Amino acid sequence: MTAQTGAPLRKVLVIFAHAAPQRSRVNRRLRDAARGVPGVELVDLYETYPDFYIDVAAEQENLADAAALVLVHPVQWYGMPSLLKEWVDAVLVPGWAYGAGATALRGKQFWLVASTGSPLDAYAPGAAHGHPFEAFLPPYRQIAALCGMEWREPHILHGAHQSSQETLDAHVETFAARLGTLAHA
Ligand SMILES: Cc1cc2nc3c(=O)[nH]c(=O)nc-3n(C[C@H](O)[C@H](O)[C@H](O)COP(=O)(O)O)c2cc1C
């Protein structure tokens, strides 16, 4: 792939998971913005696999030549939507993604882009969710670490429903810019 400038582009794979994008305020905009960034390939999981039957070989092939893996989703019950968890379970298998001799994902960038319904101050001791938001990230961090991927600072929008239009616009703009940076790194 080559950008208009002639600079080489690296493939950035965005795995998008939203069960009801027609009702989405945040993630649908991220999906649509990602589709316009040169170098980005996006898989809309719920659209591609409505029956939850993931084509593992195709997904592994798509991921193998990407320089970065980006997960985009709303936070659901403190983690990822179920079809994304199924994707992780089915695609990131031992012997390919991790374990003895597995090098498929080594050195790739790993970037989490997520939104929460609750505002950031609900993520604190004594508040509704009892812990800082960072306390819910270790599974993601460890998926990246076990597979030899490099953790990028997550891009999180809290209070998704209440955030102002300006905040949302800025969130989407920063997302697209960082995707572009990943594709040019
Ligand atoms: C099944 C389900 C579980 C959810 N769990 C959480 C949660 O654990 N924490 C939270 O802050 N918001 C939670 N939410 C709210 C979503 O994160 C929020 O609606 C979403 O980030 C908004 O993004 P969207 O406009 O793209 O749909 C949940 C929503 C659903 C449907």
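**Gly-79 and its loop**

I looked up the contacts of Gly-79 (contact: heavy atoms within 4.5 Å), and they are His-73, Pro-74 and Tyr-140, with residues up to four places away in sequence not counted. The model is a predicted one: local features need pLDDT of at least 70, side-chain atom pairs count only at pLDDT 80 or more, and totals for chains, interfaces and linings use all residues. Residues are numbered from 1 along each chain as its sequence is written, and side-chain values use heavy atoms, with hydrogens and water left out.

I placed Gly-79 in the loop between β3 and α4 (82–91). Helices (H or I, at least four residues) and strands (E, at least two) are DSSP runs numbered from the N terminus. Is Gly-79 buried or exposed? Gly-79 counts as buried because its relative accessibility is 15%. The cut-offs are under 20% relative accessible area for buried, over 50% for exposed, and partly exposed in between, with a 1.4 Å probe and protein chains only. From Gly-79 to Ser-115 I noted 11 Å, C-alpha to C-alpha, at 36 residues apart in sequence.

I then checked two more residues of this loop. Trp-77 lies between β3 and α4 and is exposed, with a relative accessible area of 80%. Its C-alpha atom is separated by 9.9 Å from that of Thr-116, 39 residues apart along the chain. Tyr-78 is in the loop between β3 and α4 and is partly exposed at 33%.

**Positive phi**

Most residues other than glycine have a negative phi. I found Tyr-78 with a positive phi near 70°. Phe-52, also not a glycine, has a positive phi of about 65°. Phe-52 sits in the loop between α2 (45–48) and α3 (56–64). I logged Phe-52 as partly exposed, with a relative accessible area of 34%.

**Cavity and pocket**

Rolling a probe the size of a water molecule over the atoms shows where empty space is left. The search used a 1 Å grid over the protein atoms alone: a cavity is a set of points where a 1.4 Å probe fits but cannot get out, and a pocket is an open set with protein on both sides within 12 Å along at least five of seven lines. Lining residues have an atom within 4 Å of a point. Grid points are joined across faces, edges and corners, and a volume is the space filled by probe spheres set on the points.

How many cavities of 30 Å³ or more are there in the whole structure? I found 1. The largest cavity holds about 50 Å³ of space. Its lining includes Tyr-78, Gly-79, His-73 and Tyr-140. By class I counted 8 nonpolar, 2 polar and no charged residues in this lining. Here Ala, Val, Leu, Ile, Met, Phe, Trp, Tyr, Cys and Pro count as nonpolar, Asp, Glu, Lys and Arg as charged, and the others, Gly among them, as polar.

The largest pocket contains about 210 Å³. It has 13 lining residues, and those nearest its centre are His-18, Pro-74, Ser-115, Ala-160 and His-161. I split the pocket lining into 4 nonpolar, 7 polar and 2 charged residues.

**Gly-159**

I found Gly-159 in the loop between β6 and α6. It is buried, at a relative accessible area of 6%. Leaving aside neighbours within four places in sequence, I listed its contacts as Thr-116, Gly-117, Ser-118 and Pro-119.

**Helix α6**

Why does the end-to-end distance of helix α6 agree with its length? Its 20 residues (165–184) should span 28 Å at 1.5 Å a residue, and the end C-alpha atoms are 29 Å apart, which agrees. The expected span is 1.5 Å times one less than the number of residues.

The buried residues of α6 include Leu-168, His-171, Val-172, Phe-175 and Ala-183. Among the elements that cover the buried residues are β1 (12–16), α1 (27–35) and β6 (155–157).

I looked further at Ala-183, which is found in helix α6. Ala-183 counts as buried because its relative accessibility is 0%. Apart from neighbours within four places in sequence, it is in contact with Pro-8, Leu-9, Arg-10, Val-12 and Pro-38. Ala-183 and Leu-13 are 170 residues apart in sequence, and I noted 9.7 Å between their C-alpha atoms.

**Record**

An unreviewed UniProt entry gives "domain: Flavodoxin-like fold" at residues 11–178. Over residues 11–178 I noted 33% helix and 17% strand, with end C-alpha atoms 13 Å apart. UniProt positions are in the numbering used here, feature names are shortened, and annotations may be inferred rather than shown by experiment.
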